[in-house]
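Subject: Structure handover

Hello,

Here is the structure I promised to pass on to you. Have a look at it first, and then read on for what turned up.

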Amino acid sequence: MRHSKIIASGSYAPDRVIKNEWFNKLLGEDVDTWLRENLTIRERRWMEEGQSTSDLCVQAGQEALEMAELEPEDIDLLIIATDTPDFISPSTASVVQHKMGLANATSLDTNTACAGFPTALSLANSMMVTDATYQKVMVMGAYGMSRFLNMDDKKTVTLFADGAGAVILEPTDEKRVGFLASDLRTKPEYYKHMGIYGGGAAAPAARSETKGGSQCLQFVEKFPKEINPRIWTDMIRKMAEKAKFNTDDIAGAYMTQININQIWETMDNLSLERDTAPTIMDRFGYTGSAAIPMVFDKALRDGAVKDGDLLVFVGSGGGLHFGACAYRW
């Protein structure tokens, strides 16, 4: 049965490096020690003035095209997963499509916050299964959260960063190569816990600008700390059941990069070595929907991904959304 396989990847983070010590001065207290000891974060990248989410996407997409040895005209479909779009309307995908010269593609955005990349992978695979038009598909996760941070809010300003990651898919009929399974979930009772609540139809920008930073990212309530490891573990096991693979065979787990302890707990739950899930938050902070393709791109370019490897992509984000996909390289 026709399905997708990943043939290339790319990633990009802005040049502007913001070290933890910068926040010590900004906030008037030592946040560096806590960030390093609890989250391993030492620095992150923020966009320069004049850059936008679409610019990050263009850079990551060009890297993926180069790896795949393709031209922009070869791409049939572009899907961008982001909750920090250039505009409410039009889609960021249309902006990126124009900037990259993807003249023969159609494009769309999807927003399941930081679960966006595996959600978009699952969507892209489904579209490729049902429509032979899509021969070369580019999927991106992109994050420009520095534009939505309250500089006085230490709960958010020290964690979030900017970046983009991309993969290119093509169809295959090989049974044990490419897409194996996905698992998408939503816990909607948590939709008020975290988000950017100003600027949409419920609180239009002109009416919400002065309402205590509603245009900025807000942590309103804490999520249960056990929810990510529990659901991530269950999603991976569910995919293993669907695709009839053994979780012991997972060679690479590319996870949401916000909490290293939750990643390690998930690996422990599955009796996998902790380094099965590589991390990049020490250098890049939390890059949301870009984190998973960024960490995968680094692993691929470092030679850590081998033919036949079983790979899982697992993320979660505001909503509360969860997404996971399994692929055989």
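To start with a cysteine: is cysteine 216 buried or exposed? Cysteine 216 is buried, with a relative accessible area of 19%, and burial here means under 20%. Please keep in mind throughout that this is a predicted model.

The next thing you may wonder is why cysteine 216 has no bond to cysteine 114. The closest cysteine sulfur to that of cysteine 216 belongs to cysteine 114, and at 16 Å it is too far away for a bond. Cysteine 325 is in no disulfide either: its nearest cysteine sulfur is again that of cysteine 114, 16 Å away. A disulfide needs two cysteine sulfur atoms within 2.5 Å, and by that rule the count is zero. As for its surroundings, cysteine 325 is buried, at 0% relative accessibility.

Cysteine 325 also turns up among the contacts of serine 122, a residue of helix H5 (residues 116-130). Serine 122 counts as buried, with a relative accessibility of 8%. Setting aside residues up to four places away in sequence, serine 122 touches Ser182, Leu184 and Cys325.

Now to the helix pairs. Helix H3 (residues 53-68) and helix H4 (residues 92-100) have axes that come within 9 Å and cross at roughly 55°, so H3 and H4 are oblique to each other. Their crossing is right-handed. On the H3 side, the contact is made by Ser54, Asp55, Cys57, Val58, Gly61, Gln62 and Leu65, and on the H4 side by Thr92, Val95, Val96, Lys99 and Met100. Sorted by class, the contact of H3 with H4 has six nonpolar, four polar and two charged residues.

H4 is worth a second look on your screen. Its buried residues are Thr92, Ala93, Val95, Val96, Gln97 and Met100. What covers the buried residues of H4? The cover includes H3, strand S4 (77-81), strand S5 (106-110) and strand S6 (137-144). After H4 comes glycine 101, with a positive phi near 75°.

The other pair is helix H8 (residues 227-243) with helix H9 (residues 260-269), whose axes come within 9 Å and cross at roughly 45°. H8 and H9 are therefore oblique to each other, and their crossing is right-handed. H8 brings Asn228, Pro229, Trp232, Thr233, Ile236 and Arg237 to the contact, while H9 brings Gln262, Ile263, Glu265, Thr266 and Asn269. The residues of the contact of H8 with H9 divide into four nonpolar, five polar and two charged.

Last, a loop residue. Where does leucine 159 lie? Leucine 159 is in the loop between helix H6 (154-157) and strand S7 (162-172). Leucine 159 is buried, with a relative accessible area of 10%. Leaving out neighbours within four places in sequence, leucine 159 is in contact with Leu35, Leu39, Ile41, Phe219, Gly285 and Tyr286. Glutamate 189 is 30 residues from leucine 159 along the chain, and their C-alpha atoms are separated by 24 Å.

Happy to talk any of this through whenever it suits you.

Best wishes

Methods: Residues numbered from 1 in each chain as written. Predicted model: local features only at pLDDT ≥ 70, side-chain atom pairs only at ≥ 80, totals over all residues. Heavy atoms only, no water. Buried < 20%, exposed > 50% of the residue type's maximum accessible area, 1.4 Å probe, protein only. Axes fitted to C-alpha atoms, helices over the stretch in contact; angles between N-to-C directions. Helix = DSSP H or I, 4+ residues; strand = E, 2+ residues; numbered from the N terminus. Parallel < 35°, antiparallel > 145°, perpendicular 65-115°, else oblique. Left-handed = near helix turned anticlockwise from the far one by under 90°. Contact = heavy atoms within 4.5 Å. Nonpolar A, V, L, I, M, F, W, Y, C, P; charged D, E, K, R; others polar.
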